[in-house]
Amino acid sequence: MLHLHMPKIILTTLNSRFTHTSIALRYIYANLKEFQKDTKILEFSINDAIQTIAEKLLTHNPKIIGIGVYIWNVSFVAELIHIIKKVSPQTTVILGGPEVTHQPFRVDLDDADFIIQGEGDLAFYELCKKLSSNKPQKEKIIKMSMPSLKELELPYRYYTDEDIKNRYIYVEASRGCPFECEFCLSSMDEKVRAFDIDKLLEEFEILWQRGARNFKFIDRTFNLNIKTASRLLDFFLQKEPPYFAHFEVVPDHFPSSLKEKIAQFGHGALQLEIGIQTLNPEIANNISRNLNLEKIKQNISFLQNETQAHIHLDLIVGLPGETLESFGKNLDELVSLSNCEIQIGILKKLSGTHINRHDIEHGMIYSDKPPYDILKNNQLSFNDIQIMKRFARFWDLTYNSGNFKKTTPLIWQDESVFENFYEFGMWVYLQTDSTYKISLQRLGELLFNYLTGVKKLQQEYVAHKMLEDMMKLKGRAIPTYLKKYSTNFKIEAKDGTSGFNKRQT
């Protein structure tokens with residue numbers, strides 16, 4: 001057992017990529033009181049070899065290893081704890097995080113010693129205290145009530161200089177969500193709770209002084225409390241660019257005071273993520289989501305036409321009752337409203353959500369393996385879902401990437417975006433038999449061949465649009481298939497940007 005003053009605790013997780021950091025581990029570390037001095041945070045990514053991770057953790061001969069478990073890492077975590085307990089059975093493994101907070105567990109995590117369900121900021125400390133004083137902890141699964149946010153030590157000073165230099169810094173002003181969307185774990189929270197904004201801004205100022213310029217807010221509804229949202233926006237507006245702030249926003253809650261502030265941000269400084277999911281009122285009603293369509297359209301139009309914010313809209317394939325035709329209308333509508341990024345996601349069935357109430361009526365069949373995505377339902381066959389997964393991938397590579405901004409719209413011109421891109425996706429897949437490892441050069445050539453060969457558009461016209469796209473960044477060579485059209489083409493290239501980042505999903 002763990003002895004007071006000699007604890008060796010490692011807090012770890014597997015992030016979905018190197019540039020991400022775990023705010024959760026830092027919250028736990030910040031609240032470990034007397035154990036903090038003998039605790040270490042070690043982060044990895046899902047691309048690291050599991051046995052190597054186990055080796056790096058066990059090198060420290062820890063008494064306790066706490067692991068953050070998420071949808072993107074749960075399969076890897078299961079393998080990791082299996083190895084840890086084989087090699088070092090005396091090491092106590094404690095799990096926490098969204099993926100273990102609700103049952104059923106669909107990945108076998110039996111090798112863990114304890115599982116904390118709910119917000120573990122204080123619970124992890126309490127468990128370590130119990131173990132250190134040799135008090136028996138009878139229950140393996142510890143269900144936690146939500147801590148008061150006033151009691152929590154904030155985690156922000158535990159981002160290292162290396163984190164600040166190389167990674168995105170995750171922050172939050174509130175927890176919880178007022179909405180009850182049935183596919184989302186945030187809908188399970190009782191209410192929205194806010195942190196003390198004065199304390200928060202003091203911490204952000206320290207981060208800023210240390211050089212932090214990438215702030216990703218993980219709040220589900222940044223613009224719910226307009227007063228708080230305004231103060232956070234003011235914090236950034238008073239700073240000297242460049243910087244990057246990412247917020248998830250409610251699409252129908254943009255009073256004029258907020259609009260005025262958003263309009264003041266320069267290019268690339270602000271990213272707003274808006275979960276649309278569906279524009280079909282009947283489908284929105286099926287998943288307990290309120291839709292104020294007029295307000296949503298007005299606000300997207302405002303953000304598109306009167307601000308320089310980078311907008312990221314979300315649509316979901318496979319919602320109960322939604323046909324391909326209905327999904328297609330959603331996409332057509334969004335593209336007509338804005339030329340911003342539209343993320344097409346596939347519905348997942350997360351443990352603890354209420355989406356399962358539709359299983360029988362709509363014939364919802366999901367995979368039991370992470371990420372628990374839908375395989376088929378009464379409206380969409382397995383083949384339909386597979387086609388839409390490829391659709392989403394090709395949409396990302398062409399439309400969302402920004403690499404073919406002028407060329408991609410030639411696929412549909414004045415007709416249905418969805419129907420025409422659907423045909424394009426089917427054609428590309430016939431050529432590649434894959435959705436991955438398609439280079440920019442290859443994708444460009446496929447797009448050119450499709451527009452000129454299948455769509456019968458004039459080669460010169462397509463080539464010039466494509467050259468404008470391909471050659472807009474300095475340092476790019478003219479692709480071979482466009483060389484013969486480039487003699488009269490004047491290159492106006494500019495320096496590249498780092499682009500907008502992907503979140504952990």
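In the predicted model, D234 is partly exposed, with a relative accessible area of 25%. Its salt-bridge partner is K261, and the closest approach of the two side chains, N to O, is 3.0 Å. The two residues belong to distant parts of the chain: D234 sits in helix α8 and K261 in helix α9 (residues 256-262), 27 residues apart. K261 has a relative accessible area of 19% and therefore counts as buried, the limit being under 20%.

This pair is one of 19 salt bridges in the structure. Another joins K239 to E205, with 2.5 Å from N to O. Here too the contact links distant parts of the chain, 34 residues apart. K239 is located in the loop between α8 (226-237) and β11 (244-249), whereas E205 is part of helix α7 (residues 197-209). The relative accessible area of K239 is 16%, so this residue is buried. E205, at 25%, is partly exposed.

A further salt bridge is formed by R220 and E248, whose closest N and O atoms are 3.0 Å apart. R220 is found in the loop between β10 (214-217) and α8, and E248 in strand β11, so the contact ties together parts that are 28 residues apart in sequence. R220 is partly exposed, at 37% relative accessible area. E248 is buried, with a relative accessibility of 16%.

Salt bridges also connect R26, E43, E162, D163 and R167 into a network. These five residues appear again in the lining of the second largest pocket. That pocket contains about 240 Å³ of space. In addition to R26, E43, E162, D163 and R167, its lining includes Y29, T39, K40, I41, L42, Y158 and T160.

Three elements each contribute at least two residues to this lining, namely α1 (23-30), β2 (39-45) and α6 (161-166). The largest share, five residues, is supplied by β2. By residue class, the lining of the second largest pocket consists of six charged, four nonpolar and two polar residues. Among the charged residues of the lining is K40, while the nonpolar ones include I41 and L42. T39 and T160 are polar.

Terms used:
Residues are numbered from 1 along each chain as its sequence is written. This is a predicted model: local features need pLDDT of at least 70, side-chain atom pairs count only at pLDDT 80 or more; totals for chains, interfaces and linings use all residues. Side-chain values use heavy atoms; hydrogens and water are left out. On a 1 Å grid over the protein atoms alone, a cavity is a set of points where a 1.4 Å probe fits but cannot get out, and a pocket is an open set with protein on both sides within 12 Å along at least five of seven lines; lining residues have an atom within 4 Å of a point. Grid points are joined across faces, edges and corners, and a volume is the space filled by probe spheres set on the points. Helices (H or I, at least four residues) and strands (E, at least two) are DSSP runs, numbered from the N terminus. A salt bridge is a side-chain nitrogen of Lys or Arg within 4 Å of a carboxyl oxygen of Asp or Glu. Buried means under 20% relative accessible area, exposed over 50%, partly exposed in between (1.4 Å probe, protein chains only).
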